[in-house]
Amino acid sequence: MAEGSGFSLDVRPHDCPGTGSNEAGKADACQGCPNQGLCSLGQLAGPDPAIEEIKGKMKTVKHKLLVLSGKGGVGKSTFTALLAHGFAEDDTTQVAVLDIDICGPSIPKIMGLEGEQVHQSGSGWSPVYVEENLGVMSVGFLLSSPDDAVIWRGPKKNGMIKQFLRDVDWGEIDYLIVDTPPGTSDEHISIVQYLSTAGVDGAVIITTPQEVALQDVRKEVSFCHKVKLPIVGVVENMSSFTCPKCKKESQIFPPSTGGAEMMCHTLNVPLLGKVPLDPQIGKSCDRGHSFLAEAPHSPATLSFRNIIQRIQDYCNQNSPQEEDII
């Protein structure tokens, strides 16, 4: 991002001329930068005023959690949905899910809200509700069909995330859970930037045991450190599989380098728990139902509940102060 953006992470091209230059957005180094259009218009010359607006909007949200993973296909959206369902089992707890996976919004399907649309009131966009105490917002609600492709460059994605945070009537919320796409790109930079003064409890990072996933997850841990985003902990998903007939345990994704446990030990981050594979999880997600409710005695459910409790304990004990956030 160009100089003067109000964001501490330096992700500029090596030869970025900066927004104060006449070459801003025009130099060879600017080609391919997601902020090229904004720089050329001089729109990154100072802090985005939306940051303060979002800070005011987020005052009604007690806890804010980001669900991250450098790797796709590790069950990040599934975990987001189950975390939300777990929190919302307490009728006195208000929960909201914000899906900022702009190009691949799967939360509407997983939460049983496919085909729903966003409604606007005098106070802004209204979330779509699964239960009275569980609301959801996603770009998927703005598409005419679930099969529509979202082909947007960085600035338009950033604008959509800003609008979700600023213009949605979230109301009084105990937990806002943000589901993100894989990687450390536009959406991740934007969500951290826009919530920079609002106070974020931290990030829950999802991985699977094999090294090909852990390689990307290590990058996500590095991203969190660079932007001073606290890490709640790591969840190892699809950790093992126990045959329901013979009860034999198998490693579907062999942890050739020690899995998440070894990675967490090396990087000095907490391991929140390991969740075994259960075919019912996929079936429940396809139907838009809560796996926790449909398979209450599954070993995976017990693992999820232990992890959810640890995250709740973390939030209750580590509510951040504004000055602690970038």
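Let's start with the annotation. UniProt, in an unreviewed entry, lists G70, K71, G72, G73, V74, G75, K76 and S77 under "binding site". Keep in mind that the model we are looking at is predicted.

Where does G70 sit? G70 is in the loop between β1 and α3, the helix of residues 76-88. Is G70 buried or exposed? G70 counts as buried, because its relative accessibility is 15% and the cut-off for buried is under 20%. Leaving out residues up to four places away in sequence, G70 touches P182, G183, D216, V217 and E220.

Now K76, from the same UniProt list. K76 lies in helix α3. K76 is buried too, with a relative accessible area of 7%. Which residues does K76 contact beyond its neighbours within four places in sequence? There are V67, L68 and S69, then D179, T180, P181 and P182, and also I206. Look at where some of these fall. V67 and L68 belong to β1, which covers 61-68. D179 belongs to β7, residues 173-179. I206 belongs to β8, residues 202-207.

That takes us to the sheet. It is an open sheet of eight strands, with mixed pairing. What is the strand order? Read it as β5-β6-β2-β7-β1-β8-β9-β12. At the edges are β5, residues 128-131, and β12, residues 271-274, each of which pairs on one side only. From one strand to the next, the twist averages 20°.

Take the β5 edge. β5 and β6 run antiparallel and are joined by three bridges. Within that pair, V128 stands opposite V136 in β6.

Next, β8. How many of its six residues are buried? Six of the six are, so β8 is largely enclosed by the rest of the structure. In a regular strand, side chains alternate between the two faces of the sheet. Here is how β8 splits. G202, V204 and I206 point one way. A203, I205 and T207 point the other way. Both sets are buried.

And the partners of β8? On one side, β1 and β8 pair in the parallel sense over four bridges. There, L65 stands opposite G202 in β8. β8 is also joined to β9 by five bridges, and these two strands run parallel as well. T207 stands opposite E236 in β9.

Now the helices that lie across the sheet. Helix α8, residues 259-267, lies across β8, β9 and β12. Its angle to β9, residues 231-236, is about 155°. Helix α11 lies across β1, β7, β8, β9 and β12. It runs at about 165° to β12.

One residue of α11 is worth a look. S303 is found in this helix, which spans residues 299-317. S303 counts as buried, because its relative accessibility is 16%. Setting aside residues up to four places away in sequence, S303 touches K274, V275 and P276. K274 falls in β12, the edge strand of residues 271-274.

Over to α5, residues 154-167. Does the length add up, and what should the 14 residues span? At 1.5 Å a residue, they should span 20 Å, and the end C-alpha atoms are 20 Å apart, which agrees. Which residues of α5 are buried? They are G154, K157, N158, M160, I161, K162, F164 and L165. What do these buried residues pack against? Three strands are involved: β2 (95-99), β4 (124-126) and β6 (134-138). Two helices are as well: α2 (50-57) and α6 (186-194).

Last, the cysteines. UniProt's unreviewed entry also lists C243 and C246 under "binding site". C243 lies in the loop between β10, residues 241-242, and β11, residues 249-250. C246 is in the loop between β10 and β11. C246 counts as exposed, because its relative accessibility is 52%. Elsewhere, C103 counts as partly exposed, at 42% relative accessibility. C264 is buried, with a relative accessible area of 4%.

How many disulfides does the model have? A disulfide is a covalent bond between the sulfur atoms of two cysteines. With sulfur atoms required to be within 2.5 Å, the count comes to zero disulfides.

How values were computed. Residues numbered from 1 in each chain as written. Predicted model: local features only at pLDDT ≥ 70, side-chain atom pairs only at ≥ 80, totals over all residues. Heavy atoms only, no water. UniProt positions renumbered as here; feature names shortened; annotations may be inferred. Buried < 20%, exposed > 50% of the residue type's maximum accessible area, 1.4 Å probe, protein only. Contact = heavy atoms within 4.5 Å. Expected span 1.5 Å × (residues − 1). Pairing = 2+ DSSP bridges. Axes fitted to C-alpha atoms, helices over the stretch in contact; angles between N-to-C directions.
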